[in-house]
Amino acid sequence: MVEALVERGVDRSWIQVGRDARLPGAYGLSGSAWDLVVRKDGIPLAAATFTQLGGPGSTNNINNRIQDLTSTAFSVRQHDDDDFQPYLGLFFILEESDRVNAPTRRPGESGAARSGPSHKQRLAETFAQFYSDGLYDKIAYASSTTGENPSLYEPRADMSIEGFIEGFAKKILSHSFSPLLKLWGDLTKVPPHLDRYREVIRGGRGIKKDYSLDRVPIEEGGQAAVFRASHKTSGVEVAFKRRLSQRENPSARMRREIDIAELLNDHPNYMPILDFEQDHRWFIMPLAEATAEEKREQLRESDNLRELIGSMGSILDKAHQQGWMHRDIKPSNMLLLDGRWTLADWGVVRRPRGQTTKVGRTGHFIGTEGFAAPELFIKPHEDATAASDIYSLGRVIAWALTGEMPQSNVELLPPPGPWRNIVRAATQQEAERRPQSIDELLDLIDREFSEPHEPAVARAETLLDAANSGESHATDAFLELIASHPDDYGLHLDVLPRLQPELAVPSMSHNSRQAITLLRALAKHVDGNGTNPVKFGEAARAVTWLHGIAISAASSNEWDLLDESIRAMCEWDGNWDQWRPQDAIRSWLCTLRGDVARIVAPAFRDHPDSARHFAELADDRAVDPGIRQAIRAATERHN
């Protein structure tokens with residue numbers, strides 16, 4: 001029993017057995033003894049009595065034994081200190097025999113008649129009454145067999161030996177501030193991958209002098225500083241994280257980190273908390289080997305990057321399933337510990353709904369600019385979901401493969417390949433267009449790396465047929481495929497213009513950022529593919545399709561899409577003088593008025609090579625004055 005309690009984190013020096021196992025006189029009859037007493041700083045935390053009953057005359061002694069157990073506990077319960085009562089335990093072993101299992105005689109029965117409960121059953125009922133009366137807090141009741149193969153049997157599940165030990169240890173630890181109890185329950189819950197820190201965890205008591213700190217922090221931010229430290233008793237190197245301000249906000253951040261540790265501390269990809277101060281001014285964690293920032297070169301290798309993202313996904317999945325969202329995923333919070341990746345710095349974690357520290361909280365930004373999802377700039381407390389953390393993972397992938405720090409609202413994609421499609425999906429501006437769970441993200445990664453890749457043109461042809469048949473999801477996939485291959489001349493000039501503009505615009509409007517990327521990529525192909533010049537038929541197709549997009553965008557009041565498509569059209573028309581498309585454009589320009597005209601006019605003013613093809617409109621009074629003026633100014637500048 002002593003070793004079992006010590007194994008669970010109870011200090012051995014608190015435990016008294018044998019003659020020393022006595023409660024103070026105020027707690028009972030003078031000289032009353034227990035078999036085990038636990039004291040801390042002179043205060044009796046718990047006491048237990050161990051009783052075994054067996055032998056030929058054991059059944060004759062049951063009544064006396066029950067009376068003794070009752071009076072011993074009752075004397076303690078009569079102690080008039082309402083603020084504190086020792087936790088009392090009873091450990092009872094009954095030796096098996098025919099007599100203890102035989103029915104007993106009920107009142108009124110005589111001779112051989114016996115219909116009452118057996119002595120074993122009677123003891124179980126008595127112990128249940130002990131619980132009901134509050135005499136004992138925890139009871140272990142077992143029956144034993146002797147012989148060549150002795151064994152123990154537990155007649156009642158609620159009086160098991162394991163439950164007795166667990167309850168006893170937890171109650172003892174709960175009577176004093178115990179990081180061990182809050183973070184782990186007891187020492188047996190500490191997983192094997194943290195064995196090297198077991199002595200730090202066992203000795204954790206939230207006292208700063210237990211650690212020796214370096215004078216200069218190894219990392220310092222706006223909210224906290226991290227110092228290299230040593231646990232004085234064990235000599236184990238650790239990291240000491242201390243908040244820099246005594247104001248509420250830093251305290252709340254550190255409290256959130258400690259709170260979520262209760263859920264995640266045993267996960268191999270979580271940076272665990274080993275000890276902490278009761279007022280949340282500091283806590284202890286293992287000393288990391290490196291951050292992802294320091295390992296970027298290695299992370300350019302796909303296997304290494306997949307290991308990192310898989311590790312982050314594993315710990316985030318566990319948090320997300322319980323309603324917690326990290327909200328500040330970035331390379332500096334990804335720490336390498338004993339050869340495995342862990343996620344740290346959960347100070348701005350979003351608690352599960354209904355558990356927030358402040359109701360109706362407002363705020364305009366949480367996270368790190370460039371890595372944080374767009375919704376965290378607007379409603380970080382209301383709109384944070386698993387998709388917000390998935391966005392940040394996508395930005396980390398892009399950072400690792402490009403070497404560029406992400407900028408807010410600026411797309412950052414790795415070179416063509418599996419990772420490019422993964423990042424594009426994970427970093428959609430609209431949260432609902434991203435993978436909605438870690439499982440979905442990891443499935444996407446598996447597909448991209450395991451499925452044989454059909455040539456992009458072949459995939460595009462298949463999607464094009466479905467898109468022109470009116471299947472909107474095929475249109476979305478088609479445009480996403482084209483946008484993910486900005487350098488593919490054939491996709492942009494041979495395949496894209498065959499998509500009906502009126503079917504393309506609804507999808508492009510829904511994902512305007514992707515649409516702008518696609519239109520600008522098409523405009524850049526105006527000089528050919530670097531090997532062969534543009535053919536006249538290709539140029540005509542490009543101008544005609546872009547004009548169709550502009551017409552549909554104008555009719556839908558999609559002003560950004562109209563602006564981008566008309567400018568791309570002017571770029572192509574200015575470089576390739578295609579008469580047939582110009583006839584359609586000329587007729588259209590004569591019909592424009594209002595907002596549409598105000599958007600189209602500057603595009604022609606900025607593209608004089610295209611504007612000169614419509615010079616006669618400058619003097620046509622049927623044309624909008626703004627367009628006439630823009631064409632006239634551009635033509636004069638060109639001449």
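Which residue in β14 is the bridge partner of V238? In this predicted model, the partner is P286. V238 belongs to the pairing of strand β12, residues 237-243, with β14, where five bridges join the two strands in the antiparallel sense. Strand β14 spans residues 282-286, and five of its five residues are buried. The strand is thus described as mostly covered.

Strand β14 has a further pairing, with strand β13, residues 275-276. These two strands are antiparallel and share two bridges. Here D275 has I284 of β14 as its bridge partner. The hairpin of β13 and β14 has five residues between its strands. Within this hairpin, H280 takes a positive phi near 65°.

An open sheet of six strands follows the order β1-β2-β3-β4-β7-β8. Its pairing is mixed. The edges are β1, residues 15-17, and β8, residues 151-153. Each has a single partner strand, so one side of each is left without a neighbour in the sheet. From one strand to the next, the twist averages 20°.

At one end of this order, β1 pairs with strand β2, residues 36-40. The two run antiparallel and are joined by three bridges. I15 stands opposite V38 of β2 in this pairing.

Strand β4, residues 87-95, has parallel partners in β3 and β7. Strand β3 covers residues 43-53, and its pairing with β4 extends over eight bridges. L53 faces L94 of β4 across this pairing. Strand β7 covers residues 138-145, and seven bridges link it to β4. In that pairing, I93 stands opposite A142 of β7. Strand β4 is mostly covered, with eight of its nine residues buried. In general, strands of a sheet pair through backbone hydrogen bonds, either parallel or antiparallel.

A helix also accompanies this sheet. Helix α5, residues 161-174, lies across β2, β3, β4, β7 and β8. The helix runs at about 165° to β4.

Another open sheet has three strands, in the order β15-β16-β17. Its pairing is antiparallel. The edge strands are β15, at 290-291, and β17, at 340-343, and each pairs on one side only. Strand β16, residues 334-337, runs antiparallel to β15, with two bridges between them. T291 is placed opposite L335 of β16. Helix α10, residues 302-321, packs on the sheet and touches β16 and β17. The direction of α10 makes about 45° with that of β17.

The loops around these elements hold two non-glycine residues with positive phi, R327 and D338. R327 is found in the loop between α10 and β16, and its phi is near 75°. Is R327 buried or exposed? R327 counts as buried because its relative accessibility is 3%, below the 20% cut-off. D338 is in the loop between β16 and β17, with a phi of about 50°. D338 has a relative accessible area of 32% and is therefore partly exposed.

The final region described concerns helices. Helix α17, residues 501-510, and helix α19, residues 536-555, have axes that come within 9 Å. The axes cross at roughly 60°, which means that α17 is oblique to α19. The crossing is right-handed. From α17, residues P501, E502, A504, V505 and M508 meet W545, G548, I549, S552 and A553 of α19. By class, this contact has seven nonpolar, two polar and one charged residues.

Which residues does L561 touch, not counting those up to four places away in sequence? They are V505, M508, S509, A515, L519, I549 and A553. Among them, V505 and M508 lie in α17, whereas I549 and A553 lie in α19. L561 itself is found in helix α20, residues 559-575. L561 has a relative accessible area of 7% and so is buried. L561 and L491 are 70 residues apart in sequence. In space, their C-alpha atoms are 20 Å apart.

How values were computed. Residues numbered from 1 in each chain as written. Predicted model: local features only at pLDDT ≥ 70, side-chain atom pairs only at ≥ 80, totals over all residues. Heavy atoms only, no water. Buried < 20%, exposed > 50% of the residue type's maximum accessible area, 1.4 Å probe, protein only. Helix = DSSP H or I, 4+ residues; strand = E, 2+ residues; numbered from the N terminus. Pairing = 2+ DSSP bridges. Axes fitted to C-alpha atoms, helices over the stretch in contact; angles between N-to-C directions. Parallel < 35°, antiparallel > 145°, perpendicular 65-115°, else oblique. Left-handed = near helix turned anticlockwise from the far one by under 90°. Contact = heavy atoms within 4.5 Å. Nonpolar A, V, L, I, M, F, W, Y, C, P; charged D, E, K, R; others polar.
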